[in-house]
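Visitor: Please give me a close look at one part of this model. Start at a single ligand contact and work outward.

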Amino acid sequence: MSILDTGVKNICNVKNVRFGVGAISEVNDIVNGFRHNSQSGRAIFLVDHYFQSKPSNLNAVSPQENDILIYVCSDSEPTTFYVDDLMKKLRAKCSEPSVIVGIGGGVTLDTAKAVSNLYTNLGSAAEYQGWDLVKKQGIPKVGIPTISGTGAEATRTCVLSNYDTGLKLGMNSDYSVFDSIILDPDLTASVPTDQYFYTGMDAYIHCIESLSGRYRNNLGDAYSDMTLELCREIFFSDDMKSKDARSNLMIASYLGGNAIAASYVGLVHPFSAGLSVVLGYHHCIANCIVMLGMSEFYPEYHKEFCRMRDKQNIKIPTGIGKNLSDREHDRLYEATIIHEKPLFNALGDRYREILTRDKVREIFEGI
Ligand code: NAD
Ligand code: ZN
């Protein structure tokens, strides 16, 4: 059996998707609909810390008196340690919530998914990193993205870094899929321009990797083709943050998430995971940095990516791999090569012969 023959045959989608400008106004109805799920009737709101100083952007969201509201710091990406610590605090406040609501970018959405799973699957977050290790349905969860691109609102995973093992890996499980999501393009208007591009490009990169891989299927390809079409329209337009563009990027993110749920990523994500785990770069900017070094593997997409970057006048850091120590290169190699499924998808079963230690070093030194 191929190592790619796991986890992606049954497609599990979000049950309910509310979409459109102003859709956020339905949040209380949706959350209240889940309150009967436990005796407590309590909701836990996990909200990106940006909104702590900008509460008016989320006027429609009104937690009830007994609900719990936690601001999630998205300065760093979620770790297994962070999620375990958060679980301790949450369990002390509420043993059985009715619904978990995540409002923010991929960091907050993934945190919400992990919390939902860990409430019903005991133990620590690290025990569930991998494929289909989550055994029970979690607490119902609602996802509300406020930045578009990662597709975290659609996928069956929540990505966590584990500094003990050096693994950046999700809880890949049907139980990690949101029950309900709200896609309101108005929520992304305040995203800073560079961040908007970096995160938006995650949708593009998911799909070019999937379309260039060995594991292909018509469903995944259809999602990917549509996502790429939307990305081109958005990132070659004069205003990638216009109302229409924000709306389209929200759709692209969702479709890209579905594409990747039906397929696999390729080379960019393992290298990007290396940059995250070893050097602390965030996922989406790390992807963009890596993409600049991918002319050998994805020549046409590399050119197209650079044209979109130039059209939107975006600065992507360069030269970061130049002065690293041998130890850092060793760690980068290990943190990259460990991602066997995407690497196999991109290069086949000889991926270790192609990506030798020296080759991986050369690629990192070039970016
Ligand atoms: P993020 O959560 O890292 O947030 C990026 C920045 O944007 C933060 O500073 C945040 O405060 C800010 N922000 C968010 N919404 C805003 C708004 N409306 N206005 C102003 N600022 C806003 O964003 P991301 O790039 O969406 O997520 C990256 C994370 O997603 C990584 O941890 C990555 O591993 C994860 N990820 C998950 C999946 C998945 O399928 N679960 C897929 C890809 C990436
Ligand atoms: Zn990604």
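**Around the ligand**

Guide: Begin at T157. One of its polar backbone atoms lies 3.1 Å from a nitrogen atom of ligand 1. That is a polar contact (a pair of N or O atoms within 3.5 Å). Side chains take part too. An N or O atom in the side chain of T146 is 2.7 Å from a nitrogen atom of ligand 1. For the side chain of S190, the distance from an N or O atom to a ligand nitrogen is also given as 2.7 Å. How much of ligand 1 does the protein cover? Of the 860 Å² of accessible area that ligand 1 has on its own, 93% is covered (Shrake-Rupley method, 1.4 Å probe).

This is a predicted model: local features need pLDDT of at least 70, side-chain atom pairs need 80 or more, and totals for chains, interfaces and linings use all residues. Side-chain values use heavy atoms, without hydrogens or water; residues count from 1 along each chain, chains are lettered from A and ligands numbered from 1, as written.

Now widen the view. Ligand 1 is surrounded by 28 residues (a heavy atom within 4 Å). The closest are D48, T146, T155, S190 and T199.

Next, look at the zinc ion, ligand 2. Its donors (N, O or S atoms within 2.8 Å) come from D202, H206, H269 and H283. D202 is listed twice, each time through OD. The three histidines each use NE2. The distances run from 2.1 to 2.6 Å. Along the sequence, the donor residues follow the spacing D-x3-H-x62-H-x13-H. D202 and H269 link distant parts of the chain, 67 residues apart. D202 belongs to helix α4 (residues 193-211), while H269 belongs to helix α7 (residues 268-279).

Step back to the strands (DSSP E runs of at least two residues; helices are H or I runs of at least four). Six of them form an open, parallel sheet, ordered β1-β9-β6-β4-β2-β3. β1 (16-19) and β3 (68-72) are the edges; each has a single partner strand, so one side of each lacks a neighbour in the sheet. Pairing takes at least two DSSP bridges. β6 (residues 141-145) and β9 (residues 180-183) run parallel and are joined by 2 bridges. There, G143 has I181 of β9 as its bridge partner.

Another open sheet has 3 strands, in the order β5-β8-β7, with mixed pairing. β5 (130-131) and β7 (159-162) are its edges, each with a single partner strand, so one side of each has no neighbour in the sheet. β5 runs parallel to β8 (residues 167-172), and 2 bridges join them. G130 stands opposite M171 in β8.

Key:
A polar contact is a pair of N or O atoms within 3.5 Å; within protein, one must be able to donate a hydrogen and the other to accept it, and residues adjacent in sequence count only if both atoms are side-chain atoms. Donors are N, O and S atoms within 2.8 Å of the metal (3.2 Å for Na, K and Ca); water is not among the atoms, so sites may look incomplete.
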